[in-house]
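Here is a colleague's note, written for someone who is meeting a structure of this kind at an early stage of study. Please keep the sequence and the picture open while you read the numbered points.

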Amino acid sequence: MNIQINQLGYTPAMKKTAVLRGRLGNQLQVKNASGETVLTVPVSAERTNLWDDELATADFSTLTQPGAYTLHCGEESSYPFVIDEKPYEACLTALVDMLYYQRCGDDLKPETGCFAHPACHTGLARVYGSEELVDASGGWHDAGDFGRYIVPAAKAVVDLLMAWEWNRGAFVPGLTELPDEARWELEWMLKLQRADGGVYHKVSCARFCGMIMPHEETEELILSPVSTTATGDFAACMAMASRFYAVSDPAFALRMKEAAGRAWDFLACNEPILFRNPEGITTGGYGDRNDEDERLWAAIELALTCKEEKFLAAAAERLTAIDRSAAPLGWADMRGYAAIEGMLLPGELGQLCRNWVLEEADRLLCRINAYGITMTDRLPWGSNMNISNDGVMLYQAYVLTGDEKYRQAAEKQLHYLLGVNPLSYCYVSGFGSQPMSHPHHRPSVAQGVCQPGMLSGGAASGMMDACAREHLQGQPAGKSFIDHFASYSTNEICIYWNSPMVALLACLLAK
């Protein structure tokens with residue numbers, strides 16, 4: 001497809017820009033469902049070379065009448081799309097419902113069709129290196145595998161809670177309500193805290209299983225050792241969540257607040273304990289180079305929740321010491337969460353964080369390419385997560401300034417994910433004219449049917465799996481994607497890839 005559009009459509013008020021590949025013509029026609037031309041706009045004379053393509057753009061923002069349309073230029077046409085006040089409602093619901101599909105230790109509802117299964121992984125888990133057994137049931141399967149990991153869990157939960165705070169009106173009922181679904185993960189996270197406040201890094205089997213359904217994985221469950229990155233993320237997530245549930249369930253909120261305090265005490269008594277898979281464990285590591293960002297984020301959330309001087313002082317000390325040249329939104333680097341949440345701090349600390357967010361947004365704006373995203377030369381594993389994250393950060397700058405350039409840049413991140421990309425994929429399974437359909441996701445492979453509502457990791461230029469190396473050698477970064485279950489480095493799914501897209505949609509649909 002040589003005319004790329006958001007395959008789910010646009011709201012009437014959105015800026016609407018098509019990306020055209022090659023020299024297709026000088027004018028772009030918009031046709032309605034009856035084939036009538038309702039608008040003609042010029043194709044830009046300025047052209048850009050990116051990822052082995054010559055690109056031009058055409059702005060059709062004056063199209064605001066609700067309806068179904070296609071774009072035409074020369075002999076080429078686009079996929080159909082709509083103009084509608086709520087073009088993303090079903091997609092947003094599916095992105096949240098994906099988390100219900102990922103539930104561990106629960107009997108999934110019949111509404112999930114072939115993906116329904118009896119409760120899985122309900123046995124006790126053995127603490128690595130001991131004979132101690134712990135109840136570690138519940139939570140969400142992290143990705144295409146069935147492991148459950150604290151570090152990405154914290155990112156996923158906080159993305160969801162921020163999304164709900166920013167725009168709870170964007171969410172329509174799905175398989176569960178968003179607060180209930182987030183609580184499912186929080187209840188599991190609480191089970192992984194030791195009595196001394198430290199938090200086990202993950203629970204999984206020793207190795208990845210085959211392409212089977214969750215209840216068919218019956219190997220021994222193992223709790224991998226405590227890390228300070230997991231403990232810091234846990235402290236921050238629990239402190240924030242305790243504010244979120246304070247009205248609806250005060251007892252649950254207090255339980256999380258106290259757990260966050262114990263985790264902080266553990267951090268205060270321990271030097272960094274950075275995780276690496278112990279001998280014999282080969283499931284996802286989620287390792288880290290340092291825990292300074294997790295400790296900062298925890299201090300900020302506890303300062304906001306507890307309003308105690310010791311946490312405010314810790315937040316102030318760490319904020320002034322941390323490298324503020326970037327503000328990523330995790331999982332490995334949580335500085336972005338510290339910056340966004342830190343905007344709520346009083347006085348100069350809050351202003352420092354607001355400036356940090358604006359500086360990050362301006363850095364992102366300077367890197368945007370012809371497809372509207374900030375990555376060109378190299379796309380990392382899970383690049384679509386980064387794209388959603390960037391959209392969230394850009395929108396925060398819009399909230400702070402009211403400057404439309406930030407909002408429009410945030411919208412471009414969404415458009416890329418839903419079709420305005422060099423391969424014309426809608427990267428959310430079950431949506432768009434060309435959806436991702438063959439993910440590295442065990443239940444989808446086992447059933448021979450793609451589960452809906454999953455965001456693919458997307459293009460990754462590192463050639464990190466055999467399938468990618470076989471089929472994608474020589475491809476530029478933006479085209480380093482294959483819709484094949486064997487390519488875990490380009491087409492896996494993750495809870496923490498869905499969650500920032502939920503947050504991005506919540507931002508963009510806010511009134």
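Which residues form one aromatic cluster together with Tyr 149? The points below begin with the answer, and please bear in mind throughout that this is a predicted model.

1. The aromatic cluster. Besides Tyr 149, the members of this one cluster are Tyr 286, Trp 331, Tyr 496 and Trp 497. A search of the whole structure for aromatic pairs finds 21 of them. One of these is the pair of Tyr 286 and Tyr 496, which is edge-to-face, with 5.8 Å from centre to centre and 75 degrees between the planes. This pair links distant parts of the chain, since Tyr 286 lies in the loop between helix 5 (250-269) and helix 6 (292-306), whereas Tyr 496 belongs to helix 15 (residues 495-508), 210 residues apart. Tyr 286 is buried because its relative accessible area is 12%, and Tyr 496, at 5% relative accessibility, counts as buried too.

2. Another aromatic pair. The ring centres of Tyr 427 and Phe 481 are 5.1 Å apart and their planes stand at 90 degrees, so this pair is edge-to-face. Here too distant parts of the chain are linked: Tyr 427 is in the loop between helix 11 (404-417) and helix 12 (442-447), and Phe 481 is in the loop between helix 13 (466-471) and helix 14, with the two residues 54 apart in sequence. Both Tyr 427 and Phe 481 are buried.

3. The open sheet. Five strands form an open sheet with mixed pairing, and their order is 11-10-14-13-12. At the edges are strand 11 (133-134) and strand 12 (148-149), each of which pairs on one side only. Within the sheet, strand 10 (residues 125-127) and strand 14 (residues 222-223) run parallel and are joined by two bridges. If you follow strand 10 to Val 127, you will find Leu 223 of strand 14 standing opposite.

4. A salt bridge beside the sheet. Side chains of opposite charge can pair when their charged atoms come close. Arg 126 and Glu 220 offer an example, as their side chains meet in a salt bridge with 2.6 Å from N to O. Arg 126 lies in strand 10 and Glu 220 in the loop between strand 13 (202-204) and strand 14, so the pair ties together parts that are 94 residues apart in sequence. The surroundings of the partners deserve attention as well: Arg 126 is buried because its relative accessible area is 18%, while Glu 220 counts as partly exposed because its relative accessibility is 42%.

5. Salt bridges elsewhere. The count of salt bridges comes to 23. Among them is the one between Lys 155 and Asp 159, whose side chains meet at 3.0 Å, N to O. These two residues both lie in helix 2 (residues 150-167), four residues apart, which is about one turn of the helix, and Lys 155 and Asp 159 are both buried. Glu 89 and Lys 86 also form a salt bridge, with 3.9 Å from N to O; Glu 89 is partly exposed because its relative accessibility is 29%, whereas Lys 86, with a relative accessible area of 58%, is exposed.

6. Charges and rings. Arg 183, Glu 187, Asp 249 and Arg 255 are linked in a network of salt bridges. Arg 183 also lies over the face of Phe 252, at 3.8 Å from the ring centre. In a similar arrangement, the charged end of Lys 109 sits over the ring of Tyr 100, 5.4 Å from the centre of that ring.

7. A hairpin. Strand 3 (residues 27-32) and strand 4 (residues 37-42) run antiparallel and are joined by five bridges, with Gln 27 standing opposite Pro 42 of strand 4. The hairpin that they make has four residues between the strands, and in this hairpin Gly 35 takes a positive phi near 85 degrees.

8. A patch on the surface. Trp 381, Met 464 and Tyr 488 make a nonpolar surface patch of about 260 Å². Tyr 488 has its place in helix 14 (residues 488-491), and this residue counts as partly exposed because its relative accessibility is 31%.

Note on methods. Residues are numbered from 1 along each chain as its sequence is written. This is a predicted model: local features need pLDDT of at least 70, side-chain atom pairs count only at pLDDT 80 or more; totals for chains, interfaces and linings use all residues. Side-chain values use heavy atoms; hydrogens and water are left out. Patches are made of residues with over 30% relative accessible area and no salt bridge: like charges are joined within 9 Å, nonpolar side chains (Val, Leu, Ile, Met, Phe, Trp, Tyr) within 5 Å. Accessible areas come from the Shrake-Rupley method with a 1.4 Å probe; for residues, only the protein chains shown count as cover. A salt bridge is a side-chain nitrogen of Lys or Arg within 4 Å of a carboxyl oxygen of Asp or Glu. Buried means under 20% relative accessible area, exposed over 50%, partly exposed in between (1.4 Å probe, protein chains only). Two strands pair if DSSP finds at least two bridges between them. Rings of Phe, Tyr and Trp (its six-membered ring) pair if their centres lie within 6.5 Å; planes under 30 degrees apart count as stacked, over 60 as edge-to-face and the rest as tilted. A charge sits over a ring if NZ of Lys or CZ of Arg is within 6 Å of the ring centre and within 35 degrees of the ring normal.
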